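Good morning, everyone, and thank you for making time for this. Please take a moment with the sequence and the structure before I begin to describe them.

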Amino acid sequence: MSCLGGFRAITREELDKLRAVPRADRVPDYLDEMETVDIFDVDKAWDAMHRALCASELKFGNTPAPGCWVILGGEVLRGDREGEEDYLVVCKSPEQVRQVDQFLQGLTEEAFRKLYFSIDPEEYEYPMDEEDFGYTWEYLSDSRPFWHSAAEKGLWVLFDVDQ
């Protein structure tokens, strides 16, 4: 099972500062010191969220949009190169944030249930049951105000997770 993940809403200025930092230094200590507008933790639910929204695949990429942008879609700032597997940072642009917000506002529990239970259990390697579904749905649905606020303010959103 995956490790703890979360979202950070930041300004363009903070993103520019982060991009200026060497990739090796884009780690929790640095990100925790950044000025953030808002933070939303998703615990370990990010793994199932991403798999449900991306056809069971736990990989970086921008399809199918906009669901893929919730977790591992967007600009990879750390994690897609050798030696970076311990910590991932992925950035979503204000336009992607706006589209994620619209997507999540329209996503029903019933629709997400179908996506969740279509995850390949062998790929997920974690018991797929009503308890895990409820845990995943709760974090995803509870993230809606975070996304909506970030979209309204035109912010960038980082997803980061320590592996």
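Let me begin with a word that I will need throughout: a residue is called buried if its relative accessible area is under 20%, exposed if it is over 50%, and partly exposed in between, as computed with a 1.4 Å probe on protein chains only. With helices (H or I, at least four residues) and strands (E, at least two) taken as DSSP runs numbered from the N terminus, we can say that strand β5 is mostly covered, since 6 of its 7 residues are buried.

I should say early that this is a predicted model, in which local features need pLDDT of at least 70 and side-chain atom pairs count only at pLDDT 80 or more, while totals for chains, interfaces and linings use all residues. Residues are numbered from 1 along each chain as its sequence is written, and side-chain values use heavy atoms, with hydrogens and water left out.

Now to the sheet, where two strands are said to pair if DSSP finds at least two bridges between them. There are 5 strands in an open sheet, in the order β2-β1-β5-β4-β3, and the pairing is antiparallel. The edge strands, each of which pairs on one side only, are β2 (38-43) and β3 (75-78).

Between β1, residues 5-10, and β2 there are 5 bridges, and here G6 stands opposite D41 of β2. On its way to β5, strand β1 makes 6 bridges, and I10 of this pairing stands opposite W156 in β5. Strand β4, residues 87-92, is likewise joined to β5 by 6 bridges, with F159 in β5 as the bridge partner of V90.

What, then, are the rings doing in this model, which holds 13 aromatic pairs? Rings of Phe, Tyr and Trp (its six-membered ring) pair if their centres lie within 6.5 Å, and planes under 30 degrees apart count as stacked, over 60 as edge-to-face and the rest as tilted. The pair of F7 and F146 is stacked, because the centres are 5.7 Å apart and the planes stand at 20°. Since F7 lies in strand β1 and F146 in helix α8 (residues 144-153), this pair ties together parts that are 139 residues apart in sequence.

F146 also forms a tilted pair with F40, at 6.4 Å centre to centre and 40° between the planes, and this one links strand β2 with helix α8, 106 residues apart. Is F40 buried or exposed? At 18% relative accessibility F40 counts as buried, and F146, at 3%, counts as buried too. Ring pairs join F7, F40, W46, F146, W147 and F159 into a cluster.

A charge can also sit over a ring, which requires NZ of Lys or CZ of Arg to be within 6 Å of the ring centre and within 35 degrees of the ring normal. The charged end of R19 sits in this way over W156, 5.6 Å from the ring centre, and R113 lies over the face of F133 at 4.2 Å.

Finally, the interior. A nonpolar core is a set of buried Ala, Val, Leu, Ile, Met, Phe, Trp, Tyr and Cys residues joined through side-chain atoms within 4.5 Å. The largest such core has 37 residues, and those with the most contacts inside it are F7, V70, F112 and W147. Helix α3 supplies the largest share of this core, 5 residues. A second, separate core of 11 residues includes L18, M34, L77 and W156.
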